[in-house]
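This report examines selected features of one protein chain and its ligand. It treats the cysteines, the ligand site, the annotated positions and several residues in loops and a helix.

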Amino acid sequence: MGSMRMSPAEAENELIYQHIMDLEQGRYDTFSDAPFLVAHSTKLPEQNERWRSCLPNVQPYYGQSSYPKFRLERTVDTEFTRLSLAVKCNSDVHLLRSLHNMGVNFDCASLEEIRLVLELGIDPSRIIFAHPCKPVSALEFASQQGVQLTTFDNGDELDKVKAHCPKMGLLLRIFAQDGGAKVCLGDKFGAPWETTNGLLKKAKRLQLNILGVSFHIGSGASDPQAFATAVKQARCVFDEGARLGFNMKILDIGGGFQDSNFEPMAGGLRRAMDQVFGDLDATFMGEPGRFYAAPYYTMVCRVISRREQSCHAASRHVPDMLYQNDGVYGCFSSKWAESGVFAPIHLPQRRNIGGPRQKGTHRYSIWGPTCDSVDLVADEVVFSSEVRIGDWLKYPDMGAYTTCASSQFNGFSNRYLVIYGD
Ligand SMILES: *Cc1c(COP(=O)(O)O)cnc(C)c1O
């Protein structure tokens with residue numbers, strides 16, 4: 001590679017081509033047609049820097065939630081290591097460790113997530129069990145392990161806490177919603193505003209330990225006003241609590257941040273916090289997921305089949321079809337979960353296998369590998385040359401809600417090879 005310093009993009013492409021060469025030389029056997037991911041450890045400090053400079057007084061708790069799964073990762077040579085668990089946004093233990101080392105705390109939503117984070121040697125005081133409606137088994141596990149903070153948004157949950165872990169610190173999760181968010185969590189969680197006073201009174205009766213308020217305006221949010229509204233409402237609940245004799249201290253502003261509009265969203269939130277909470281001695285925390293994890297992975301998929309249709313006069317305006325080795329039942333589930341839009345980059349052939357590609361604009365729809373017709377990754381993508389079977393397509397920003405949300409539908413593997421550059 002010479003002594004010249006490569007840009008991060010060049011370094012990434014080097015890793016990708018190295019792996020493609022390994023695949024083409026049969027080093028991975030049955031993996032020769034497998035999609036793979038490249039992890040970027042340099043992106044995490046960048047995102048963390050942006051968070052700390054825009055929201056200096058908000059301690060991030062990295063957001064997650066999930067079920068057990070194992071993952072393949074590349075180590076020395078061709079060995080694969082079996083890892084035990086995954087999390088909602090991204091459970092990659094390298095990612096979790098790096099975040100831990102940067103002083104980020106953890107938002108867990110299930111027993112297995114708590115177990116995973118504790119297994120990394122992370123202190124339970126750095127975990128919030130941020131699920132307002134959880135099974136008793138998980139609540140008991142969390143409490144036994146020393147987790148001291150959880151959320152609730154309904155009266156039955158208070159009875160559960162009273163019966164199983166009456167000392168647990170509680171945040172009242174209030175309703176909040178950016179109607180334009182990719183995933184509107186307010187449809188499922190958050191106490192309606194007219195119920196908060198009743199919930200606080202019940203908590204008082206049960207002598208429970210209310211420490212503050214949390215909200216989540218929805219994942220992939222874009223309206224800073226949704227933050228301002230939620231912060232104002234949170235203040236009303238702080239005041240209701242004070243009248244009942246609670247000493248509330250914590251405002252948890254949830255997640256919802258994305259790479260593309262982080263600064264304006266965080267700026268609006270910060271102004272609202274200054275205005276509305278300026279006179280209180282409150283502690284602020286956040287639960288970012290997507291913002292930290294999305295840029296962490298680049299995904300590389302291989303074209304396994306193709307259907308040309310522009311040769312028929314009747315279908316001249318219909319793009320040709322490409323079939324690749326991962327789809328909406330794999331890492332692309334956000335296509336249907338949140339109308340995700342994907343813009344792959346066609347990696348140029350280095351060794352010109354299969355002859356030169358035709359130059360000029362080529363339009364394609366891109367489909368996943370299963371036999372289901374909803375398995376459509378991109379309705380129409382425009383490339384500057386022809387794409388052939390065996391070519392590779394690169395998808396940046398595939399670190400959030402990808403591997404951890406994949407299934408084995410139709411017998412396609414959801415164990416992904418991850419290449420760590422450093
Ligand atoms: C999903 C979730 C998060 C992370 O949300 P992002 O939009 O990915 O930042 C944080 N907190 C809770 C309670 C969640 O459910």
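The closest cysteine sulfur to that of Cys108 belongs to Cys89 and lies 13 Å away, so the two are too far apart for a bond. A disulfide requires two cysteine sulfur atoms within 2.5 Å. In this predicted model, Cys165 is in a comparable position with respect to bonding: its sulfur is 14 Å from the closest cysteine sulfur, that of Cys133, and therefore too far for a bond. The disulfide count under this rule is 0.

Both of these cysteines can also be described by their accessibility. Cys108 has a relative accessible area of 0% and is therefore buried. Cys165, with a relative accessible area of 4%, is buried as well. Cys371, by contrast, has 69% relative accessibility and so counts as exposed. The position of Cys371 is in the loop that joins β14 (359-367) to β15 (376-385). An unreviewed UniProt entry carries the annotation "active site" at Cys371.

**The ligand site**

Which residues come nearest to the ligand among the 13 around it? They are Lys88, Ser219, Glu287, Arg290 and Tyr401. By class, the shell around the ligand consists of 3 nonpolar, 5 polar and 5 charged residues.

Three pairs of polar atoms between protein and ligand are set out below.

| Residue | Protein atom | Ligand atom | Distance |
|---|---|---|---|
| Asp107 | polar side-chain atom | nitrogen | 3.0 Å |
| Glu287 | N or O atom in the side chain | nitrogen | 2.5 Å |
| Arg290 | polar backbone atom | oxygen | 2.8 Å |

The side chains of Asp107 and Glu287 thus each approach a nitrogen atom of the ligand, whereas Arg290 approaches a ligand oxygen atom through its backbone. Taken alone, the ligand exposes 390 Å², and 94% of that area is buried by the protein.

Lys88, one of the residues that come nearest to the ligand, also carries an annotation. The unreviewed UniProt entry gives it as "modified residue: N6-(pyridoxal phosphate)lysine". Lys88 is placed in the loop between β3 (72-73) and α3 (93-101). Its relative accessibility, with only protein chains taken as cover, is 32%, so Lys88 counts as partly exposed.

**Helix α3 and His94**

Helix α3, which follows the loop of Lys88, contains His94. Is this histidine buried, partly exposed or exposed? With 26% relative accessibility, His94 counts as partly exposed. His94 and Tyr292 are separated by 198 residues in sequence, and their C-alpha atoms are 13 Å apart in space.

**Loops around β15, β16 and β17**

Glu386 occupies the loop between β15 and β16 (392-395). Its relative accessible area is 4%, and Glu386 is therefore buried. A polar contact of 3.1 Å joins the side chain of Glu386 to the side chain of Arg388.

The loop between β16 and β17 (417-420) holds Ala405. At 33% relative accessibility, Ala405 counts as partly exposed. From Ala405 to Leu322 the separation is 83 residues in sequence and 23 Å in space, taken from C-alpha to C-alpha.

Asp397 is likewise found in the loop between β16 and β17. Its relative accessibility of 46% falls in the partly exposed class.

**Positive phi angles**

The backbone of Asp397 has a phi near 55°, a positive value in a residue other than glycine. Gln207 is also a residue other than glycine with a positive phi, near 55°. Where does Gln207 lie? It is in the loop between α7 (196-205) and β8 (209-214). Gln207 has 67% relative accessibility and so counts as exposed, whereas Asp397 at 46% is partly exposed.

Technical notes: Residues numbered from 1 in each chain as written. Predicted model: local features only at pLDDT ≥ 70, side-chain atom pairs only at ≥ 80, totals over all residues. Heavy atoms only, no water. Near = heavy atom within 4 Å. Polar contact = N/O pair within 3.5 Å; in protein donor to acceptor, adjacent residues only side chain to side chain. Areas by Shrake-Rupley, 256 points an atom, 1.4 Å probe, with all protein chains shown as cover. Nonpolar A, V, L, I, M, F, W, Y, C, P; charged D, E, K, R; others polar. UniProt positions renumbered as here; feature names shortened; annotations may be inferred. Helix = DSSP H or I, 4+ residues; strand = E, 2+ residues; numbered from the N terminus. Buried < 20%, exposed > 50% of the residue type's maximum accessible area, 1.4 Å probe, protein only.
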